[in-house]
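Work through the three exercises below with the model open. Each solution follows its task.

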Number of protein chains: 2
Amino acid sequence: MPPAHSVQMTGRLNPRSGWTASACSLARTLEVVSNRSCMLILREAFYGTSRFDDFADRVGISEPVAAARLRELVDAGLLTREPYREPGQRTRLAYRLTDKGADLLPALVALMQWGDRWLAPTGAPVVYRHHGCGAIVHAELSCAAGHAVGGDELELATGPGSRSSTASSPAAPHAGAPHASIHGTGR
Amino acid sequence: MPPAHSVQMTGRLNPRSGWTASACSLARTLEVVSNRSCMLILREAFYGTSRFDDFADRVGISEPVAAARLRELVDAGLLTREPYREPGQRTRLAYRLTDKGADLLPALVALMQWGDRWLAPTGAPVVYRHHGCGAIVHAELSCAAGHAVGGDELELATGPGSRSSTASSPAAPHAGAPHASIHGTGR
DNA sequence: TTGCTGACTTAAGCCTGCACAAGTCAGCTA
DNA sequence: TAGCTGACTTGTGCAGGCTTAAGTCAGCAA
């Protein structure tokens with residue numbers, strides 16, 4: 001029986017039992033942003049929030065937690081702390097998204113969209129629109145050739161970072177080309 | 001100073017200070033899948049894992065945690081437990097993704113892709129390809145009109161679910177059409 | 001009928017995340 | 001110089017997630 005909703009394995013990955021995802025990029029990402037407050041702080045940063053108190057108030061978390069999470073996000077390079085000064089005020093610190101942080105937007109939109117679809121009884125509370133065009137924006141999978149890709153049209157192959165660390169099996173049994181030496185390895 | 005990497009607010013959302021994201025779909029999603037082991041279990045489900053022990057082993061979590069998370073995911077409707085029987089074996093339970101669970105794939109791919117880009121020193125350990133076409137698949141934002149959308153081309157507007165619960169401000173001050181009656185009010 | 005295996009459950013203890021409350025510290029304003 | 005405010009830090013205590021270790025239970029195989 002072909003398991004519904006699962007991805008096809010190719011190349012060295014094929015017997016799924018022969019490897020484990022020990023160097024999974026998803027796991028690495030979750031090391032950085034696994035908890036709820038991190039994600040919501042990033043959401044607020046996308047919404048333009050930059051001040052400490054605003055993060056705590058708008059996310060609905062306590063100040064100690066806001067301080068801890070903001071520090072982690074700055075340390076991880078997703079936010080920067082930049083001093084600014086309004087006239088007649090002392091210098092303050094603004095938290096802004098870095099390129100690294102801003103690059104998480106598609107993931108946040110995808111998660112939000114899933115909540116809109118499956119958990120929002122009355123529909124999406126807020127929607128993203130394409131500035132100018134005005135059409136609703138959503139996160140989707142697409143291939144480099146421009147096709148929209150459904151979940152059942154995916155296959156998994158070893159990538160450029162696989163040789164060094166992916167496979168947990170001590171010695172890769174067959175040294176065949178991983179299917180990626182050909183064709184557009186980069187991104 | 002225009003805040004870098006942030007989204008423009010339109011309509012009722014415009015003074016950001018006038019509302020808080022109290023009914024945010026991202027927050028709701030994170031109630032269901034906020035923790036690391038949930039996400040990794042879903043990853044394994046996408047990879048075709050269906051047996052209890054395989055989840056525990058391949059995700060690298062203990063059996064009690066695997067049992068707890070699998071139960072939560074089944075309760076939340078992301079996985080189903082279906083009995084199956086191989087000849088000469090007793091009946092076992094297979095965990096399979098439901099449509100609701102499978103719909104999280106774009107979000108997982110987006111998170112994985114971010115890890116590939118920012119946290120994988122030697123490149124992506126594994127890549128997704130479009131079956132048949134063979135081109136690399138990635139998660140991106142696109143609008144209903146088919147345009148690829150960058151993070152700086154987004155605006156946020158109230159959605160259909162906003163009237164009931166989004167705005168925490170007790171009374172919406174002006175009853176104007178929610179989306180962009182003005183448009184590009186800027187900041 | 002006894003043993004084995006897959007699929008769990010139960011128990012005990014640690015570590016992290018969180019909230020609440022209170023304290024600190026810098027620098028403008030009065 | 002005294003107070004105020006924004007931006008934190010420190011302390012306390014609870015709740016949840018995690019691990020290891022051990023127990024349970026069903027049903028095929030010997």
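**Exercise 1.** Find which residues come nearest to DNA strand D, and sort the surface near the strand by element and by class.

*Solution.* Step 1: 20 residues surround DNA strand D, and A:Pro64, A:Ala67, B:Ser37, B:Ser62 and B:Arg90 come nearest. A residue is near a strand if its C-beta atom, placed from the backbone, lies within 6 Å of it. The model is predicted: local features need pLDDT of at least 70, side-chain atom pairs count only at pLDDT 80 or more, and totals for chains, interfaces and linings use all residues. Residues are numbered from 1 along each chain as its sequence is written, and chains are lettered from A and ligands numbered from 1 in the order in which they are written.

Step 2: Chain A gives two or more residues each from helix H3 (52-59), helix H4 (63-75) and strand E3 (92-97); chain B does so from helix H2 (36-46) and helix H4 (63-75). H4(B) has the largest share, 4 residues. Helices (H or I, at least four residues) and strands (E, at least two) are DSSP runs, numbered from the N terminus.

Step 3: The classes are 7 nonpolar, 5 polar and 8 charged.

**Exercise 2.** State what turn and shift lay chain B on chain A.

*Solution.* A turn of 180° and a shift of 0.0 Å along the axis do it, with an RMSD of 0.0 Å. That is the relation of a two-fold axis.

**Exercise 3.** Decide how many residues of helix H1 of chain B are buried, and what covers them.

*Solution.* Step 1: In H1(B), residues 25-33, 7 of 9 are buried (20 or more other C-beta atoms within 10 Å of a residue's own, all placed from the backbone). Among them are B:Leu26, B:Leu30 and B:Val33.

Step 2: The cover includes helix H2 (36-46) and helix H6 (105-118) of chain A, and H2 of chain B.

Terms used: Ala, Val, Leu, Ile, Met, Phe, Trp, Tyr, Cys and Pro count as nonpolar, Asp, Glu, Lys and Arg as charged, and the others, Gly among them, as polar. Copies are superposed by least squares on the C-alpha atoms of residues with pLDDT of at least 70 in both. A residue is buried if 20 or more other C-beta atoms lie within 10 Å of its own, exposed if 12 or fewer, and partly exposed in between; C-beta atoms are placed from the backbone. Two residues are in contact if their C-beta atoms, placed from the backbone, lie within 7 Å.
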